[in-house]
Amino acid sequence: MSGEGVGDGGGREFERVSDELRARMANGVYPLGTLLPPQRVLAQEFRVSRDTVQRVLRVLGNERWIETRQGSGSRVIKAQRIHSSATRTVRPAQAVTLRSFINEAFEAPEVTLDVYTLTSESLDAHIRMQAERIRDREISPGRIALRMLLPSEELRLPYPRTKDDPADLRLQNRLHEITHRHSASLRGALRDLRTDDLVPAVDIEIRHVPLVPTFKLYLLNGSEALHGPYEVIERTIELDDGEEVLALDVLGFGATLTHYESGDDSSFPGTVFVGSMQSWFDSIWDMLAQ
């Protein structure tokens, strides 16, 4: 049976497919230089129409994730870039992805993950991947503790916004909808692990901070940090009604991150950075609890 038109819910399905393809390119599922599956295959996998897939590929092309050529398909030209300052751990070049670092973090008996980010979109993709690994009995952590800091919805964020009309709030409302959707998704994925007795202890808490994120931060098991500034770009965003808006936005999945790892020496640069960022995160977290 063809997947054409099955379950195609317009804007929401467009966002779902876009999010998943960005996540796969950022995480190395579709590495740099490789071709995405044909449109027909993507439509069948996601159970959407070919028209939705074509719209998604057009937007991903505008965002410079892919390059599409008639008769040749869509080739990946951008992925998550991670620079490592760690000297204690040597990873093969093809393994240096955000996915690889989170994979390693979830192999610990107790997983702690502190995240500061603009939305929960990237994290949701990674949490769902780890939940599948747990369900497949590939890993079996005894506890997962997630703390996430997101910007307050009362803030007027400088991005995303319509380039020629800063008063237009549609893109900011769209951002909030994306955040709500992915926050609910990752909460559900983790709580289901506890409900199904796959992880004995699961703690999830999200707090909203009155700060505009200028960087993304992941703190993994208290010993590693992934940190990188958001890059402001100009791109076209397609709204739910099909209207295309020229926007000022920031890279999320495609942001460049730098990896820092703690060492035994307290003066080791990685140790200093991880410790300082953990202290910063804890101070903001505690401030919001007061």
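## A sheet of three strands

In this predicted model, strand β10 is joined by seven bridges to strand β11 (residues 244-250), and the two run antiparallel. To see one of these links up close, find Thr236: its bridge partner in β11 is Leu246. Helix α6 (residues 170-195) packs on the sheet and touches β6, β10 and β11, with its direction making about 85° with that of β10.

What is the order of the strands in this open sheet? It is β6-β11-β10, three strands with antiparallel pairing. At the edges you will find β6 (161-162) and β10 (232-238), each of which pairs on one side only. Another helix, α3 (residues 50-62), lies across β10 and β11 and runs at about 165° to β10.

## Nonpolar cores

Now let us look at the nonpolar cores. In soluble globular proteins, nonpolar side chains tend to be buried together. Here, the largest nonpolar core has 31 residues, and Leu113, Leu123 and Tyr218 have the most contacts inside it. Two or more residues of this core come from each of α4 (98-105), β4, α5, β5, α6, β7 and β8. There is also a second, separate core of 22 residues, with Leu21, Val48, Ala125 and Phe253 among them.

Leu113 is a good place to start exploring. Setting aside neighbours within four places in sequence, Leu113 is in contact with Phe106, Leu123, Ile127, Ala145, Leu146, Arg147, Tyr218, Leu219 and Leu220.

## A closer look at Ile127

One of those partners of Leu113 is Ile127, which you can find in helix α5 (residues 121-135). Is Ile127 buried or exposed? Its relative accessibility is 3%, so Ile127 counts as buried.

Which residues is Ile127 in contact with, leaving aside its neighbours within four places in sequence? They are Phe106, Leu113, Leu186, Ala189 and Leu190. You can also try locating Arg181: it is 54 residues from Ile127 in sequence, and the two are 14 Å apart in space, C-alpha to C-alpha.

## Helix α7 and its cover

Helix α7 (residues 269-289) has 21 residues. From its first C-alpha to its last, α7 reaches 31 Å, close to the 30 Å expected at 1.5 Å a residue.

Which residues of α7 are buried? They are Gly270, Thr271, Phe273, Val274, Met277, Gln278, Phe281, Ile284 and Trp285. What covers these buried residues includes the strands β4 (110-116), β5 (143-151), β7 (201-209), β8 (215-220), β9 (224-229) and β12 (257-261).

How values were computed
Residues numbered from 1 in each chain as written. Predicted model: local features only at pLDDT ≥ 70, side-chain atom pairs only at ≥ 80, totals over all residues. Heavy atoms only, no water. Helix = DSSP H or I, 4+ residues; strand = E, 2+ residues; numbered from the N terminus. Buried < 20%, exposed > 50% of the residue type's maximum accessible area, 1.4 Å probe, protein only. Contact = heavy atoms within 4.5 Å. Expected span 1.5 Å × (residues − 1). Pairing = 2+ DSSP bridges. Axes fitted to C-alpha atoms, helices over the stretch in contact; angles between N-to-C directions. Core = buried A, V, L, I, M, F, W, Y, C linked by side-chain atoms within 4.5 Å.
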